[in-house]
Amino acid sequence: MAQTLAQKLVARAAGREQVTPGEIVTCKVDLAMVHDSSGPRRLQPRLERLGAKVWDPSKVVVITDHYLPAYDDESRKIIQIARDWVKEAGVSAFYDAQGICHVVLPERGHLRPGMFAVGGDSHSPTGGAFATYMFGIGATEMLGVMVTGEIWLKVPHTIAMDFDGGLSPGVSAKDVMLFLIGRFGMDGGQYQAVEYRGPAIRALSMQERMTLCNMTAELGGQTGLIASDEVTLRYLGKGEIWDGDAGAPLLAHHKFDAGQLAPQVAAPHSPANTRAVGEFHERLDLAYIGACTGAKLDDLRMAASVLKGRKSKIKLLVAPASLRDQQAAEKEGTLGILLDAGAELLANSCGMCAGYGENLLPDAAVAISTTARNFKGRMGSASAQVYLASPYTVAASAIAGRIADPRELLA
């Protein structure tokens, strides 16, 4: 029987030749990732109560990214718990203040095609960009994984999102995702596997593919997947091709012309409130280029291509998604372009996106952001208004002082 990519990945983890959507299987976990908020501070006391140890420390990755920079006693305590616990548990893959977990994890070579992984964060489907079956789980489920190395799973159906042609200049993976969320809603993924296909997807860089799979969380899927190819293997320097079979049954198959897609903007207070950029003219107080969906090296390059030789009219904050990406951006001159445009550089952390830290939105502020979510109060005051867009659009809007179409500046 023809199998989708999702079925093949789950079958391998379950030790089966094939699996059928809807059946429940037990899967062996190849990797479990947690960060400072979801990990040691929750796992340590529970493991102690059980008198249990981590099943295989070599398969656990811990990354600090939420409570950084530590700005009060609580955040300092949470970070210290993580630093102490990895030593106690024997976890060697610990990345302290190196950037956002979803970017650092593949950047440091922990993902490869064919793996089955779980993460203590809702945006863990990012791993699907590498043909890894990866999804987010809560603290109780993560405790079970840490003790047993296994998790049960209802084999998902697959929803295919097929993009023909190619994206126009000034249009990115972020626009693709905002379009899909606006079209299908935040439950459009039906907690199934959403697979991104077609020539336009194949033309994307790995970091752009990561943005797609990451925001499968906002689309309501369990995981997002892209079959591995030469782009994947070049990025990783290793791996193999994992793809579904032709003719494998799909729950739905949606086809789009990528060339017809305009830059997208999501209005407050939901990523589903998405329309084409030309329908917005709101004046802004702040532009934020940050988060795992908007401040990777490719994202910083997008923003720089718009900002080069120009100045921001409004407050512009840039929080590179990882230290390595920041260093690469600095070396090649991309970071200098952003700073010359008036950007204020923030730490390599989740920061404003997760609602942590001191740089949060004040009352009645109107912002445009590259983050994945714009829920009421998430980035600061409940009276603040947050619009979501791509790095291209956020940069263009910073220059204009209002929501603006990046294609006009790129032309």
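How many residues of domain 1 are in contact with how many residues of domain 2? Keep that in mind while you set up the view. The model is a predicted one.

**Stop 1: the two domains.** Select 5-256 and colour it as domain 1. Then select 264-410, which is domain 2. The C-alpha centres of the two domains are 24 Å apart.

**Stop 2: the interface.** Now show the residues that touch across the boundary. Here is the answer to the opening question: 38 residues of domain 1 contact 41 residues of domain 2. About 3200 Å² is buried between the two domains. Carbon and sulfur atoms give 61% of that area. On the domain 1 side, pick I100, L178 and Q207. These three lose the most area to domain 2, and together they account for 18% of what the domain 1 side buries.

**Stop 3: the salt bridge.** Show the side chains of E218 and R373. They form a salt bridge, with N to O at 2.4 Å. The count of salt bridges between domain 1 and domain 2 is one.

**Stop 4: polar contacts and helices.** Turn on polar contacts between the domains. The count is 18 residue pairs, both residues at pLDDT 80 or more. Next, select four helices of domain 1: helix 4 (101-107), helix 6 (173-184), helix 8 (206-214) and helix 9 (216-219). Each supplies at least two residues to the side that touches domain 2. Linger on helix 6, which gives the most to that side, with six residues.

**Stop 5: colour by class.** Stay on the domain 1 side of the interface. Its residues divide into 16 nonpolar, 15 polar and seven charged.

Key:
Residues numbered from 1 in each chain as written. Predicted model: local features only at pLDDT ≥ 70, side-chain atom pairs only at ≥ 80, totals over all residues. Heavy atoms only, no water. Domains from an automatic or database assignment. Contact = heavy atoms within 4.5 Å. Buried area = accessible area lost by both parts, 1.4 Å probe. Salt bridge = Lys/Arg side-chain N within 4 Å of Asp/Glu carboxyl O. Polar contact = N/O pair within 3.5 Å; in protein donor to acceptor, adjacent residues only side chain to side chain. Nonpolar A, V, L, I, M, F, W, Y, C, P; charged D, E, K, R; others polar.
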